[in-house]
Amino acid sequence: MSTITNTTTTQLQTSVNTLTASLSLLTSTISTLSTATSDFPRMTKVLTVNRHFELLSEPEIQTAQESLREEIVPEFRHLLGRVEGQLERMERREKGLESRGELLGGRLEGMGDGKRKASVSRGSAGGIGFAGGLGEAAGAGSKVNVEKMRQLKAKKERLMYTVERLALQKGQKHRQLRMSMSYKGVV
């Protein structure tokens with residue numbers, strides 16, 4: 001009986017060893033599979049096809065473009081009309097300011113010439129100059145005239161600046177108008 005028990009024990013021992021080896025192989029396989037498949041949820045998300053854009057047929061695109069054109073063109077023409085009206089008003093204003101500037105410039109020159117003539121006639125009339133008794137009143141008057149001249153010169157400079165600014169605005173409006181007219185959809 002001892003040989004049978006020994007043989008049985010040996011066979012059982014071999015079975016246990018084989019089972020242990022199989023168990024360790026199975027554990028190793030499970031660990032390898034779990035590392036290999038750990039990225040699957042991310043991969044399924046990455047490989048999922050998402051449609052970000054809706055595909056449209058050519059006729060649908062053309063009808064959408066036509067309806068958009070029908071909405072934009074009248075508004076664009078309306079805005080062009082307003083711009084043209086503004087440009088005309090600005091041109092009239094610019095011409096008015098230029099003529100006013102010329103008028104004021106002529107007045108300034110006229111006042112300067114008149115002042116020179118008056119001082120020459122005062123100087124030659126009886127030898128009374130600014131230092132004389134009458135000259136003091138003339139000196140006070142000339143101070144007022146000098147102040148008026150200074151104010152008129154400042155006003156002229158402001159008007160010239162306004163004219164230049166309006167000319168620049170006019171040029172800018174013309175450039176914008178040319179750029180907007182280059183839009184191919186409006187003819």
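Biologist: Of the contacts between residues at least 6 apart in sequence, what share joins residues at least 24 apart?

Modeller: That comes to 84% for this protein. Keep in mind that the model is predicted.

Biologist: OK, and what does the secondary structure come to?

Modeller: Four helices and zero strands, so reading from the N terminus you get α-α-α-α.

Biologist: How much of the protein is buried?

Modeller: Buried residues account for 13% of the 187 residues. The accessible surface is about 15400 Å², and carbon and sulfur atoms hold 60% of that.

Biologist: Which residues make the nonpolar surface patch?

Modeller: Phe40, Met43, Val46 and Leu47, covering about 400 Å². Met43 belongs to helix α2, residues 40-47.

Biologist: Why does Met43 count as partly exposed?

Modeller: Because its relative accessibility is 31%, and partly exposed runs from 20% to 50%.

Biologist: Switching to charges, how many salt bridges are there?

Modeller: Four in the structure. One of them pairs Arg42 with Asp39, with the closest N and O atoms 2.9 Å apart. Arg42 is partly exposed at 46%, and Asp39 is partly exposed at 31%.

Biologist: Where do Arg69 and Glu66 lie?

Modeller: Both sit in helix α3, residues 58-124, three residues apart, or about one turn of the helix. Their salt bridge has its closest N and O atoms 3.0 Å apart.

Biologist: And which helix holds Arg150 and Glu147?

Modeller: Helix α4, residues 133-181, again with three residues' spacing, about one turn. Arg150 and Glu147 form a salt bridge at 3.1 Å between the closest N and O atoms. Glu147 is partly exposed, at 35% relative accessible area.

Notes: Residues are numbered from 1 along each chain as its sequence is written. This is a predicted model: local features need pLDDT of at least 70, side-chain atom pairs count only at pLDDT 80 or more; totals for chains, interfaces and linings use all residues. Side-chain values use heavy atoms; hydrogens and water are left out. Patches are made of residues with over 30% relative accessible area and no salt bridge: like charges are joined within 9 Å, nonpolar side chains (Val, Leu, Ile, Met, Phe, Trp, Tyr) within 5 Å. Accessible areas come from the Shrake-Rupley method with a 1.4 Å probe; for residues, only the protein chains shown count as cover. A salt bridge is a side-chain nitrogen of Lys or Arg within 4 Å of a carboxyl oxygen of Asp or Glu. Helices (H or I, at least four residues) and strands (E, at least two) are DSSP runs, numbered from the N terminus. Buried means under 20% relative accessible area, exposed over 50%, partly exposed in between (1.4 Å probe, protein chains only). Contact means heavy atoms within 4.5 Å.
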